[in-house]
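Welcome! Take a look at the sequence and the structure below, and then work through the exercises at your own pace.

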Amino acid sequence: MSKARQGNYFEDFRLGQVIAHATPRTVTAGDVALYTALYGPRFAVQSSDAFAKASGYAAAPIDDLLVFHIVFGKTVPDISLNAVANLGYAECRFLKPVFPGDTLSSTSEVIGLKENSNKQSGVVYVRTTGRDQTGAPVLDYVRWVMVKKRDEAAVAPAPHVPTLKAALEPADLGGALPPLTLDGYDTALSGNPARWDDYEIGEKIDHLDAMTLEEAEHQLATRLYQNTAKVHFNLHEQAQGRFKRRLIYGGHIISLARALSFNGLENAFHVAAINAGRHVSPAFAGDTVYAWSEVLDKQPLPGRDDAGALRLRLIAAKDKPCTSFPYKAGEQYDPAVLLDLDYWAVLPR
Amino acid sequence: MSKARQGNYFEDFRLGQVIAHATPRTVTAGDVALYTALYGPRFAVQSSDAFAKASGYAAAPIDDLLVFHIVFGKTVPDISLNAVANLGYAECRFLKPVFPGDTLSSTSEVIGLKENSNKQSGVVYVRTTGRDQTGAPVLDYVRWVMVKKRDEAAVAPAPHVPTLKAALEPADLGGALPPLTLDGYDTALSGNPARWDDYEIGEKIDHLDAMTLEEAEHQLATRLYQNTAKVHFNLHEQAQGRFKRRLIYGGHIISLARALSFNGLENAFHVAAINAGRHVSPAFAGDTVYAWSEVLDKQPLPGRDDAGALRLRLIAAKDKPCTSFPYKAGEQYDPAVLLDLDYWAVLPR
Amino acid sequence: MSKARQGNYFEDFRLGQVIAHATPRTVTAGDVALYTALYGPRFAVQSSDAFAKASGYAAAPIDDLLVFHIVFGKTVPDISLNAVANLGYAECRFLKPVFPGDTLSSTSEVIGLKENSNKQSGVVYVRTTGRDQTGAPVLDYVRWVMVKKRDEAAVAPAPHVPTLKAALEPADLGGALPPLTLDGYDTALSGNPARWDDYEIGEKIDHLDAMTLEEAEHQLATRLYQNTAKVHFNLHEQAQGRFKRRLIYGGHIISLARALSFNGLENAFHVAAINAGRHVSPAFAGDTVYAWSEVLDKQPLPGRDDAGALRLRLIAAKDKPCTSFPYKAGEQYDPAVLLDLDYWAVLPR
């Protein structure tokens, strides 16, 4: 049998199984520069060592979503190489800040399995944990994907679907946030005087800016994360498929929308948790991505008065300015919507 | 009112006003690698720590134009988001070398205002200063842009146009140049034996090489500089506009032409000052950029005998080899010319 | 005469001549991140400082092929700017690991010259050595190129063709490999339990994955290596030529195929030597690159029991999956083949 790995099929997974993923990865200032070039983020804490130190960090931390993508990328060869669809995320918590020089690795535990009635595939639920070189968790999240069966006749285990929180709670947030030095957090440099207290539930923000997607850019990003999903890279194969084009990694759209959201959320520098994420439609090179946000909830962080959390809906829309906040008509998404992300951001008070 | 910023309009500026720009930015080896990948510069001092140390630097300094772009990028959201046109640069001096790990931030002082006779816009003159984490200036320059009025009826202040030097003088140069160790400056490694003394006023150099522009490349560059000008990124909007395409950041052409100019100016490793810069025509993806230089002046640096300055005209031309040095016919530029840059470079003696 | 260099012609080379190439280059974490983004390599030793240290390295070493490209790039302006064709490589040995912060420079000795019978060109053989900042060799290799004559009437020296090894021998390998700490080399993290002992001569591996080439990507790569060959960058000129398009640097295909080969060769983390390399056909943007490998030979490393070497044929094919291992029919290559590389890889035992 060839030594090249074809990925796992539905019947290869066992409830409770723990998978250690290749390849550990040291994150560096080089990754930070590329992330800046790919999306243009401008949050001051992640952009400036001097600003980060004045605000209570040891140095500028790695952008939370870059950490997410690197931890996620490692899981692809084991979990989703034979996936039909990436169905959802939940309970994603950022637990410890990551700095240049830290080495990240990932493990996943299978926490749910449910065969589809057609016997051709099934849903696999995993809880993935990213750890640094000391073994300390920096991130964990649940993800579920529909995975093909290798053999339709293979007998599936009894179905088990885990119970997941619709949203994380304030007590789940802030693990990756050091005590802030509010005197040192200069809002002239961060770009907006509006702190946590200045936002209101129900507030909507059109982020105004937009970016057009390029093949070279999403490929560079996805390889930077060592994510090997074939649909992002292989035009020869994709040209025969449903979309005739390379599909862009969903995380690329998340990072782009998050960078665009700087305009109006300048002090929401830390993603503390992701409650849910849905890639409503696929994105392709040539699409122009706009974004808007809505404040869904607002909570202090338990036991601390330096920062508070905003629960935000971040919508990315394709080829459509967000002046009218495109979202849903009833159950149906506006056809322009690419991404519907529900997350907790932390802001200084 | 939305917290997203729409940028300043002409009537928002006041003479003498000082604007602190977001976002401070730590420059790293990651930025240096990307800059190399984007333009291919080969000046030995900036490329090699070993060469830089042997020549009198503490380490390889950051390319002067990368410093310029980062300082410039920060000013865009405050100064030129509503600009109709970027009219000019003057008196740009490099004052202190920047090294990986330094954090740059920018402030601008409004030094001139002049409403246009049509009352729809006006010219704003700013002197922008880039500073490192110690507060020391590393760069300053004057820039003037034509900015829209939000409200035509808004009353404009009395016009004030600053007096600007046509060119900086030798006494203005060399602040960012440490004393050179000429024995350690190895011209076999730098690529050309020609030092300052070997160039003559009136000498023209066709740089021979050329590069074709790509959308992904200029977008990566412009985001790396955290420059948010919409015309560079938003095809959906630009497709409705005059050019039907994304406009390339003018600084991208400056950096590309400067990198091409290595062939024939191998020892002109330091940009000490920019006297004037004109983006003669817009550049687009698909254009192939050629470059040539002319020595306009040649001056020793006052009080030092390690280095001298050449005043150079650097011309970038589109889809046209520079064997015949395309420039002007009378007042009219050759239609191939993209850039006309007048700067002082420093070379070892 | 213009100071811009036009490169050497056949009659400019002398047997025994040693050429010191510009520009020395400090390799950094920024280069590593870009290399990851360009090709997506996942070998654990190069990806993770923690893994490298546990395995016997001082830190994660720079990918061998990145070292090769940087050393090679410097030779282009002196050796191959006027080349008609790049004919071959031989005797490429990696001699010392390179780490971020090391500065690389290159020299070449002319070891062979043979004028073509048409008197219009000749073959130049050079042995190029890359050295670090201490002067220690990190890499050497022989390359031969067909170079134009400036003047057909120029008298050529007596022909001299060096004798080159068809393949390096086990005694030539391992100079860049520190003693491995096998207990610390964790195959769960490296991605495959198969070590040196598990491979057999004649074994073929289809690497399954594939990547589509983009103009922006190969340009970024080739500039990162400070390689100035015009055919890779100048569409304006190439559009008049035989291929109507920019030619992709052959080394870009080597690095891409090597990164694809991770799937099935996860522990073959070190390229110890390149025996021969042939760019069978040119590659262009839009091509999708697949790859497969065959084990040609298997040898222990003399005097050490921590690692062994596999001699591998690495084939890159265009727009054709490698399930049927496309190679040759008789002497004729399958038209899909882009690259035929013969190299020694080292794996832990």
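Here are five exercises, each with a worked solution.

This is a predicted model, in which local features need pLDDT of at least 70 and side-chain atom pairs count only at pLDDT 80 or more, while totals for chains, interfaces and linings use all residues. Residues are numbered from 1 along each chain as its sequence is written, chains are lettered from A and ligands numbered from 1 in the order in which they are written, and side-chain values use heavy atoms, with hydrogens and water left out.

**Exercise 1. A helix in chain C**

Task: Check the span of helix α4 of chain C, then describe its bend, its cover and its start.

Solution:
- Step 1. Helices (H or I, at least four residues) and strands (E, at least two) are DSSP runs, numbered from the N terminus. Helix α4(C) has 17 residues, residues 64-80.
- Step 2. The expected span is 1.5 Å times one less than the number of residues. For α4(C) that comes to 24 Å, and its end C-alpha atoms are 22 Å apart, which agrees.
- Step 3. A bend at a residue is the angle between axes fitted to the seven residues ending there and the seven starting there. α4(C) bends by about 35 degrees at K74(C), and the proline P77(C) follows within four residues.
- Step 4. Buried means under 20% relative accessible area, exposed over 50%, and partly exposed in between (1.4 Å probe, protein chains only). In α4(C), 17 of 17 residues are buried.
- Step 5. At the start of α4(C), a side-chain oxygen of D63(C) comes to within 2.9 Å of the backbone nitrogen of L65(C).

**Exercise 2. Where chain C meets chain A**

Task: Describe the contact between chain C and chain A by residues, area and charged pairs.

Solution:
- Step 1. Contact means heavy atoms within 4.5 Å. Chain C brings 47 residues to it and chain A brings 35 residues.
- Step 2. Buried area is the accessible area (1.4 Å probe) that two parts lose on being put together, summed over both. Between chain C and chain A this is about 3,100 Å², and carbon and sulfur atoms give 57% of it. In chain C, the residues that lose the most area to chain A are A37(C), R42(C) and L189(C), together 17% of what that side buries.
- Step 3. A salt bridge is a side-chain nitrogen of Lys or Arg within 4 Å of a carboxyl oxygen of Asp or Glu. The rule finds three across this interface of chain C and chain A. E203(C) forms a salt bridge with K3(A), with the closest N and O atoms 2.4 Å apart.
- Step 4. Turn to the elements: α1(C) supplies the largest share of the side of chain C that touches chain A, eight residues.

**Exercise 3. Where chain B meets chain A**

Task: Go through the contact between chain B and chain A.

Solution:
- Step 1. Here 35 residues of chain B are in contact with 48 residues of chain A.
- Step 2. The area buried is about 3,100 Å², with 57% from carbon and sulfur atoms. K3(B), R223(B) and H236(B) lose the most area in chain B, together 23% of what that side buries.
- Step 3. There are three salt bridges between chain B and chain A. R246(B) and E214(A) meet in a salt bridge (2.8 Å, N to O).
- Step 4. β1(B) gives the most to the side of chain B that touches chain A, with seven residues.

**Exercise 4. Salt bridges within chain B**

Task: Which parts of chain B do E215(B) and R246(B) tie together?

Solution:
- Step 1. E215(B) and R246(B) form a salt bridge, the closest N and O atoms being 3.6 Å apart.
- Step 2. E215(B) lies in helix α6 and R246(B) in the loop between α7 and α8 of chain B, so the pair ties together parts that are 31 residues apart in sequence.
- Step 3. E215(B) counts as buried because its relative accessibility is 16%, and R246(B) is buried too, at 4%.
- Step 4. Try another pair: R313(B) and E294(B) form a salt bridge, the closest N and O atoms being 3.3 Å apart. R313(B) lies in strand β9 and E294(B) in strand β8 of chain B, so parts 19 residues apart in sequence are tied together. Both R313(B) and E294(B) are buried.

**Exercise 5. A residue in a loop**

Task: Is L164(B) buried or partly exposed?

Solution:
- Step 1. L164(B) sits in the loop between β5 and α5 of chain B.
- Step 2. L164(B) is partly exposed because its relative accessible area is 24%.
- Step 3. Leaving aside neighbours within four places in sequence, L164(B) is in contact with A90(B), E91(B), V142(B) and W144(B).

Key: A polar contact is a pair of N or O atoms within 3.5 Å; within protein, one must be able to donate a hydrogen and the other to accept it, and residues adjacent in sequence count only if both atoms are side-chain atoms.
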